[in-house]
Amino acid sequence: MKRVGSADPGAMLEVARAVVEAASAGEEVEAYAQWTRETRVRVSGGEVEAFSEASAGGVGVRVFRGARVGFSFTTDLSPGGLKGCLDEARGMARAVPDLPDAFLPGRQEIRPLEGIFQEDPAEVGRERKVAIALEIERAALGSAPEVVAVEEALYADQVEVVAMASTRGLSASYVRSWYSVSCSAMARRGEETGTGFAYGLARSLGELSAEAVGAGAGGRAARSLGAVKPPTRRLPVVFDPLASVALLSALAEALSGEVVEKGRSFLAGRLGEAVGPSWLYLLDDGRDPASPLAAPFDDEGVPTRSVPLISGGRLLSFLHNSATARRAGAAAGNARRRGFRGIPRVGARGFRFSPTGPKEKALREAAEGVYVTEVLGAHSGINPASGDFSVGVRGFLVEAGELGQPVREATVASPLMEMLGGICFVGDDLVYLGPLGGSTLVVAEMTLAGV
């Protein structure tokens with residue numbers, strides 16, 4: 001058996017199968033094996049500030065004995081290490097209280113998912129990775145005379161192998177990879193400073209433009225100079241793709257079956273109700289290759305699919321793993337783990353709105369409003385349980401359908417339910433930040449206030 005250290009799904013599947021084959025009578029066993037390799041390059045002042053390459057692998061084991069479930073994990077993939085992990089999970093299963101709804105999903109047909117692994121980042125030389133990060137910085141500094149510094153120019157890539165096996169007949173694996181580039185730039189005019197950020201993610205390195213990301217961050221920083229504190233009023237709000245992720249994050253949490261069954265979601269009890277305009281579609285597509293978390297099966301081995309959450313403006317479904325799906329009488333497929341060290345919980349993979357038009361129409365749709373490029377204080381200002389949404393923002397006023405005066409020291413606020421009902425445009429400029437697919441989003445009316 002190959003040791004962990006290469007992007008080989010067959011080797012990891014052997015690890016998972018070895019655990020399952022050691023199952024004893026009267027127990028069911030599941031093994032989740034994972035290996036990742038990640039590179040990060042950060043530059044500043046024309047020099048490499050940090051270069052890191054790291055790989056890690058291990059296996060998480062769940063043992064089911066009736067209504068009791070034990071869990072353990074290990075990074076020691078030798079026969080002795082795997083046996084010790086299985087024995088520890090067995091011991092946990094004997095010690096923990098019963099979980100009446102605990103069960104191991106049965107084997108299901110898993111369709112392959114093309115496009116999530118296009119090229120191995122290991123084949124991209126270190127010199128090229130450094131060159132890309134340096135190009136990002138140069139492009140930002142050259143984008144406008146006011147750009148005086150790049151706080152961070154970052155290149156990153158990752159390749160991941162996941163393999164699962166169980167006593168229910170599950171035996172499957174996949175490999176996926178992605179590349180990302182980002183930049184934070186600072187501009188100055190006199191004593192005033194402004195910042196700008198840009199980001200890109202793709203499966204293939206050729207799909208990313210270091211120059212565009214650097215120039216985008218620098219241009220935003222320069223345009224933010226001369227910002228004013230806006231007066232308080234009600235107006236349309238345009239969220240750019242990365243800013244719209246704040247709203248998507250709140251909705252993803254509120255639509256979690258775990259959160260809903262605990263009564264901690266403003267959408268609890270609203271299945272079948274109209275919660276948005278009749279054309280609004282919100283889905284979680286675990287098979288969208290554009291998402292870095294797309295996979296042929298979820299972290300319980302259940303086939304992924306496109307889950308319509310809001311369709312035609314009506315709330316149709318929540319996100320479920322096997323346990324919450326059984327309790328709710330719904331379909332599973334949204335189990336996620338934080339690697340082999342974690343147990344499966346509920347999580348999104350390709351969470352996004354369906355677009356309604358080209359992004360260029362967004363400002364015309366808003367006419368007179370505010371264009372948000374950055375959301376501040378999302379963790380404290382957004383509450384998926386109560387439905388409150390009140391966050392600090394930076395951006396620009398929208399005047400006659402064009403970007404106008406930059407704004408600072410401002411907040412936008414509205415109940416989340418009113419925001420859903422007030423969405424009037426979704427752009428076609430999808431950008432994934434983890435499992436959340438942001439796009440230009442127009443909300444018809446929110447409160448903008450200077451602070």
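This briefing covers a sheet and its helices, one pocket, the salt bridges and the cavities. The model is predicted. An open sheet of 6 strands carries two packed helices, α2 and α4, and its pairing is antiparallel. The second largest pocket has a volume of about 870 Å³. There are 26 salt bridges and 2 cavities of 30 Å³ or more.

**Sheet**
- The strand order is β3-β2-β1-β4-β5-β6.
- β3 (68–74) and β6 (192–202) are the edge strands; each has a single partner, so one side of each lacks a neighbour in the sheet.
- On average, neighbouring strands are turned by 20° against each other, direction ignored.
- β2 (residues 47–65) pairs with β3 over 7 bridges, in the antiparallel sense.
- Glycine 60 sits opposite phenylalanine 73 of β3.

**Helices on the sheet**
- Helix α2 (residues 79–95) packs on the sheet and touches β1 (28–44), β2 and β3. Its direction makes about 150° with that of β3.
- Helix α4 (residues 210–223) lies across β4 (147–166), β5 (171–189) and β6. It runs at about 155° to β6.

**Second largest pocket**
- The lining has 34 residues. Tyr199, Pro241, Lys359, Asp429 and Val431 lie nearest the centre.
- Elements giving two or more residues to this lining are β6, α4, α5 (241–254), α8 (361–366), β14 (369–376) and β19 (431–433).
- Edge strand β6 gives the largest share of the lining, 6 residues.
- By class, the lining holds 21 nonpolar, 5 polar and 8 charged residues.

**Salt bridges**
- Side chains of opposite charge can pair when their charged atoms come close.
- One salt bridge joins aspartate 120 to arginine 37, with the closest N and O atoms 2.5 Å apart.
- This pair links distant parts of the chain, 83 residues apart. Aspartate 120 is in the loop between α2 and α3 (126–141), and arginine 37 is in strand β1.

**Cavities**
- The largest cavity has a volume of about 50 Å³. Its lining residues are Glu30, Leu104, Pro105, Gly106, Arg107, Met164, Ser166, Leu170, Glu300 and Gly301.
- That lining divides into 4 nonpolar, 3 polar and 3 charged residues.
- The second largest cavity has a volume of about 30 Å³. Asp284, Gly286, Thr304, Arg305, Val307, Gly333, Asn334 and Arg349 line this cavity.
- Here the split is 1 nonpolar, 4 polar and 3 charged.

Methods:
Residues numbered from 1 in each chain as written. Predicted model: local features only at pLDDT ≥ 70, side-chain atom pairs only at ≥ 80, totals over all residues. Heavy atoms only, no water. Pairing = 2+ DSSP bridges. Helix = DSSP H or I, 4+ residues; strand = E, 2+ residues; numbered from the N terminus. Axes fitted to C-alpha atoms, helices over the stretch in contact; angles between N-to-C directions. Contact = heavy atoms within 4.5 Å. 1 Å grid on protein atoms, 1.4 Å probe; cavity = no way out; pocket = protein on both sides within 12 Å on 5 of 7 lines; lining within 4 Å. Points joined across faces, edges and corners; volume = space filled by probe spheres on them. Nonpolar A, V, L, I, M, F, W, Y, C, P; charged D, E, K, R; others polar. Salt bridge = Lys/Arg side-chain N within 4 Å of Asp/Glu carboxyl O.
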